[in-house]
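I opened the model to make notes on its open and enclosed spaces, some of its strands, and a few single residues. The entries follow the order in which I looked things up.

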Amino acid sequence: MSISTLPARTTFTNTAPYSLDFDQTVPRQLVHRAGVTEVFLTDGVQIQGESRRVRIAAQWPRHHALYQPDAQRFSDPMLLVETLRQAAIYTAHRFHGVPQHHRFIFCDLDFRIEEPALLRIGGAPLRVIFDGRFTPETGRTDTRLAARFDAAVEVDGRRCGQGSVRLLAVGDRLYTALRRRRDAPFGAPVHPVPRTLLPASEVGQARPENVLLSRGTTPGTYAMHLDTSHPGYFEHACDHVPGMALIEAFRQAGHQLLRHSARSDTHVMTACAVSFDAFGELDAPVTIHADEGPKEARSGERLVRVSAAQGERTLARATSVYLPHRTAASR
């Protein structure tokens, strides 16, 4: 995938008359969060006469234990990803009748930040609106719903970017059946020897405890380290490697790769397209591989291709775009 083949701009008709509330969060059960402080959505409304259209409000904190601004005061792009995840789940539950006990499996996800300067932290939390379309696929049953959620992202009243996720919501029995399908068998639980994690500054993180990677055995490869007691990556109990942790590992790998290839530049991730291929097991090591694509000379964008694997099995693949901070600040 190249920069030019990332998703095209999402546009919707104007829905400005629909007012949204930013005063309190939505119930945490509707976004599958254990802690109220991890809920970013504040309101949502279905567009009258358009059953698939929604407006979802969110507030982004100026400071968060996991989603922290970088040294140049840009909001963490993973905050957009997590809010997109919450918006898709909330829409499925509130407006499309998906039972709250259903499990959500994300098949692919992408986002693009078109105006990075709008994500600079100022004197107040950012008010965000997702102008979205939830499109169920055919073949829905009482235990299964497949759908895509596409949204234009507005920050403080101005369009900032867009995002899209394709998801599968299933009941417990179907989820159990899907989890038992392994492409390759694993033996006894594997406990990798702890390695020295990369410095937080090399992977775009502010806190050492949020670093997921150590150097691998060859250039561009990394070992992924997961602590199931981490309050951010394992905000609630999970029986597999969380998709959000994989995306964060991809982002960290891209930062580390570009830090050494670009040397003088620091970067912000402005776009990413991820495909999830298989569940990652918690009892086997995960290897991250990253390589840099061609530089976009006109814009200064840098392309990084990343994958995660357990043995011979690919868990996820991504293509990410990074922009030098000095360029992002001027857009």
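**Largest pocket.** I began with the largest pocket of this predicted model, and its volume came out at about 1200 Å³. I counted 50 residues in its lining. Nearest the centre of the pocket lie Phe104, Ile105, His240, Gly243 and Phe279.

Next I asked which helices and strands each supply at least two residues of this lining. They are α1 (77-96), β3 (103-113), α2 (172-179), α3 and β12 (313-324). I then sorted the lining of the largest pocket by residue class and got 27 nonpolar, 8 polar and 15 charged residues.

**Cavity.** I searched for enclosed space as well. The structure holds 1 cavity of 30 Å³ or more, and the largest cavity contains about 40 Å³ of space. I listed its lining as Phe74, Ser75, Pro77, Ile113, Pro116, Leu119, Val268, Met269 and Thr270.

Which strand gives the most to the lining of the largest cavity? I found that strand β9 (residues 267-276) does, with 3 residues. By class, the cavity lining divides into 7 nonpolar and 2 polar residues, with no charged ones.

**Whole chain.** I took the totals at this point. The protein chain has 4 helices and 12 strands. It is 331 residues long, and buried residues make up 54% of them. I also checked the contacts between residues at least 6 apart in sequence: 68% of these join residues at least 24 apart.

**Strands β1 and β2.** I followed the strand pairing from β1 (residues 41-46). Strands β1 and β2 run antiparallel and are joined by 5 bridges. For one register point I noted Gly44, whose bridge partner in β2 is Ile56.

The two strands form a hairpin with 6 residues between them. In that turn I noted Gly49, which has a positive phi of about 85°.

Is β2 mostly covered or mostly open? I found strand β2 (residues 53-60) mostly covered, with 7 of its 8 residues buried. Strand β2 also pairs with β4, in the antiparallel sense, over 8 bridges. In that pairing I marked Trp60, which stands opposite Leu126 in β4.

**Strands β4, β5 and β6.** I went on from β4 (residues 126-136), which pairs with β5 in the antiparallel sense over 9 bridges. Here Phe134 has Phe149 in β5 as its bridge partner.

From β5 I moved to strand β6 (residues 158-170). These two strands are antiparallel too, over 12 bridges, and Ala151 is partnered by Gly163 in β6. I recorded a hairpin between β5 and β6 with 2 residues between the strands. Asp156, in the turn, has a positive phi of about 50°.

I checked burial along β5 (residues 144-155) as well: 10 of its 12 residues are buried, and the strand is mostly covered. I kept in mind that side chains in a regular strand alternate between the two faces of the sheet.

**Gln252.** I turned to helix α3 (residues 243-262), where Gln252 has its place. Why does Gln252 count as buried? Its relative accessibility is 0%, and the cut-off for buried is under 20%.

I looked for a polar partner. The side chain of Gln252 makes a polar contact with the side chain of Glu248, at 2.8 Å. Leaving aside neighbours within four places in sequence, I listed the contacts of Gln252 as Val203, Gln205, Asn210, Val211, Leu212, Leu213 and Tyr233.

**Ala245.** I stayed in helix α3 for Ala245. Is Ala245 buried or exposed? I noted Ala245 as buried because its relative accessible area is 1%.

Not counting residues up to four places away in sequence, Ala245 touches Leu212, Met224, Leu226 and Tyr233. Leu212 and Tyr233 are also among the contacts I had listed for Gln252. Last, I took one C-alpha distance: Ala245 and Phe234 are 11 residues apart along the chain, and their C-alpha atoms are separated by 8.6 Å.

Terms used
Residues are numbered from 1 along each chain as its sequence is written. This is a predicted model: local features need pLDDT of at least 70, side-chain atom pairs count only at pLDDT 80 or more; totals for chains, interfaces and linings use all residues. Side-chain values use heavy atoms; hydrogens and water are left out. Buried means under 20% relative accessible area, exposed over 50%, partly exposed in between (1.4 Å probe, protein chains only). Two strands pair if DSSP finds at least two bridges between them. A polar contact is a pair of N or O atoms within 3.5 Å; within protein, one must be able to donate a hydrogen and the other to accept it, and residues adjacent in sequence count only if both atoms are side-chain atoms. Contact means heavy atoms within 4.5 Å. On a 1 Å grid over the protein atoms alone, a cavity is a set of points where a 1.4 Å probe fits but cannot get out, and a pocket is an open set with protein on both sides within 12 Å along at least five of seven lines; lining residues have an atom within 4 Å of a point. Grid points are joined across faces, edges and corners, and a volume is the space filled by probe spheres set on the points. Ala, Val, Leu, Ile, Met, Phe, Trp, Tyr, Cys and Pro count as nonpolar, Asp, Glu, Lys and Arg as charged, and the others, Gly among them, as polar.
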